[in-house]
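Here are a few exercises to work through with the model open beside you. Try each task before you read its solution.

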Amino acid sequence: MAVSLSKGGNVSLTKEAPGLTEVVVGLGWDPRVTDGQEFDLDASVFIVGENGKVLNDGSFVFYNNKTSPDGNVVHQGDNRSGAGDGDDEQVNVNLSGLSQEAKKLAFAVTIHEADGRKQNFGQVSNAYIRVLNKADGKELARFDLSEDASTETAMVFGELYRNGEEWKFKAIGQGFAGGLAPLASNFGVNLG
Amino acid sequence: MALSLSKGGNLSLSKEAPGMTKVLVGLGWDARSTDGQDFDLDASAFLLKADGKVRADSDFIFYNQLKSVDGSVEHTGDNRTGEGDGDDEAIKVDLSKVPADIDRIAFTVTIHEADARRQNFGQVRNAFIRIVNQDNNSEVARYDLAEDASTETAMIFAELYRNGAEWKFRAVGQGFAGGLKPLAESYGLKF
């Protein structure tokens, strides 16, 4: 049963999906019908080590770096308007292939050029981010961005983290001012 | 004390004013016209299902159709010059009477004959929408529209919407350059 998360919510995947090996992070929203620039939401994943920072710059998977160095995290492509039914962006994650150094995976969603376009999640219709169990397509967790992150422009949705042999999911729902760049720096990515 | 919303923000009316059922949605603006022609802004409400569309033409409440079929939404009348302080137009909503299949009510403002009169929202200042609790006349929430919208001639100011068992209010402030027609069409009305 999918857990719908409001800010600060939490879910343990241990019972929801024992032996979880692969997940899909899905991001969806409705295209804009009112005037103004398109809403362009972007999903990204940070593969993080013990120190809370990315293992290397390639471990920041996003629209300009679609495959992690070990090939276990793969972004399926940038959707710039939200056109299309279901998830508009997806990132596939093979948990079982990750090295032991990878302690956590942080999932984030940002609005492209939010400050310049004066946009936030509340202006977007039906924006959500979710985590699916790839094996059976079941939704494990979901966050309603339009409703619960309404004045934010960038957000860390949650983290998958190792717990012994298993992976657990922690909901975070923490907003970030300034967008993807400061968010990536926060995880130790060198933006050059 | 009224809560002030910024664009995209939302708040729970059920939490801010527990037990409130009778709401007055007040809309106001200052219009500055440079060519002497009347500046006639019209407030409307659209009763929408969960899919964001009206059920029928009767779900479009405006100056020529002042009351919804079930009496839940009532427009208090057309103000053609913007005269008078405070709300320029007001729409009453009885939340307890809104039919179960109506998920949202969108509050919009359009400029009458905008194209013919060559008018747009760029000439409108100090636009606001507010929620007043009719039981005690207190202002519960307010959204002051700050941005210029110079190419738009129809604007969605805000929405009242259901979220589970609650009623919430969301500040929208988004519009259409083509006026009432694309706005109404986006809600499923056909011309």
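**Exercise 1.** Find the bridge partner of Asn163(B) in E12(B), then work out how the hairpin around it is built.

*Solution.* Start with the pair itself: Asn163(B) is bridged to Glu166(B) in E12(B). Strands here are DSSP runs of at least two residues (E), helices are runs of at least four (H or I), and both are numbered from the N terminus. Next, count along the ladder: E11(B) and E12(B) run antiparallel and are joined by 9 bridges. Two strands pair if DSSP finds at least two bridges between them. Finally, look at the turn: the hairpin has 2 residues between the strands, and Gly164(B) takes a positive phi near 65 degrees.

Before going on, a word on ground rules. This is a predicted model, where local features need pLDDT of at least 70 and side-chain atom pairs count only at pLDDT 80 or more, while totals for chains, interfaces and linings use all residues. Residues are numbered from 1 along each chain as its sequence is written, and chains are lettered from A and ligands numbered from 1 in the order in which they are written.

**Exercise 2.** Place E12(B) in its sheet and say which strands stand at the edges.

*Solution.* Trace the strand order first: the open sheet of 6 strands in chain B goes E2-E12-E11-E8-E4-E5, with antiparallel pairing. Strand E2 (10-12) and strand E5 (60-61) of chain B each have a single partner strand, so one side of each is left without a neighbour in the sheet. Then check the E2(B) end: E2(B) and E12(B) pair in the antiparallel sense over 3 bridges, with Asn10(B) opposite Arg170(B) in E12(B). Last, ask about burial (buried means 20 or more other C-beta atoms within 10 Å of a residue's own, exposed means 12 or fewer, partly exposed is in between, and C-beta atoms are placed from the backbone). For E12(B), 10 of the 11 residues are buried, so this strand is largely enclosed by the rest of the structure.

**Exercise 3.** Which elements give two or more residues to the side of chain B that touches chain A?

*Solution.* Begin with the totals: 15 residues of chain B are in contact with 11 residues of chain A, where contact means C-beta atoms, placed from the backbone, within 7 Å. The elements asked for are strand E11 (154-163) and strand E12 (166-176) of chain B. E12(B) gives the most, with 4 residues. Sorted by class, this side of chain B has 3 nonpolar, 9 polar and 3 charged residues. (Nonpolar covers Ala, Val, Leu, Ile, Met, Phe, Trp, Tyr, Cys and Pro; charged covers Asp, Glu, Lys and Arg; the others, Gly among them, are polar.)

**Exercise 4.** Which side chains of strand E7 (residues 89-94) of chain B point to the buried face, and which strands pair with E7(B)?

*Solution.* The background rule is that side chains in a regular strand alternate between the two faces of the sheet. In E7(B), Glu89(B), Ile91(B) and Val93(B) point to one face and are buried, whereas Ala90(B), Lys92(B) and Asp94(B) point to the other and are not. Now the neighbours: strand E3 (residues 22-31) of chain B runs antiparallel to E7(B), joined by 6 bridges, and Leu27(B) stands opposite Glu89(B). Strand E6 (residues 73-75) of chain B also pairs with E7(B) in the antiparallel sense, over 3 bridges; there, His75(B) has Ile91(B) as its bridge partner.

**Exercise 5.** Val25(B): buried or exposed?

*Solution.* Locate the residue in strand E3 of chain B. Count its neighbours: there are 25 C-beta neighbours inside 10 Å, so Val25(B) counts as buried. Then list its contacts, leaving aside neighbours within four places in sequence: Ala90(B), Ile91(B), Val93(B), Phe107(B), Ile129(B) and Ile131(B).

**Exercise 6.** How many helices and strands does chain B have, and what does the radius of gyration say about this chain?

*Solution.* Chain B has 3 helices and 12 strands. Its radius of gyration, taken over C-alpha atoms, is 16 Å, close to the 16 Å that the globule rule (2.2 Å times the number of residues to the power 0.38) gives for 191 residues, so chain B is as compact as a globular protein of that length. Buried residues make up 41% of the chain.

Key. Two residues are in contact if their C-beta atoms, placed from the backbone, lie within 7 Å.
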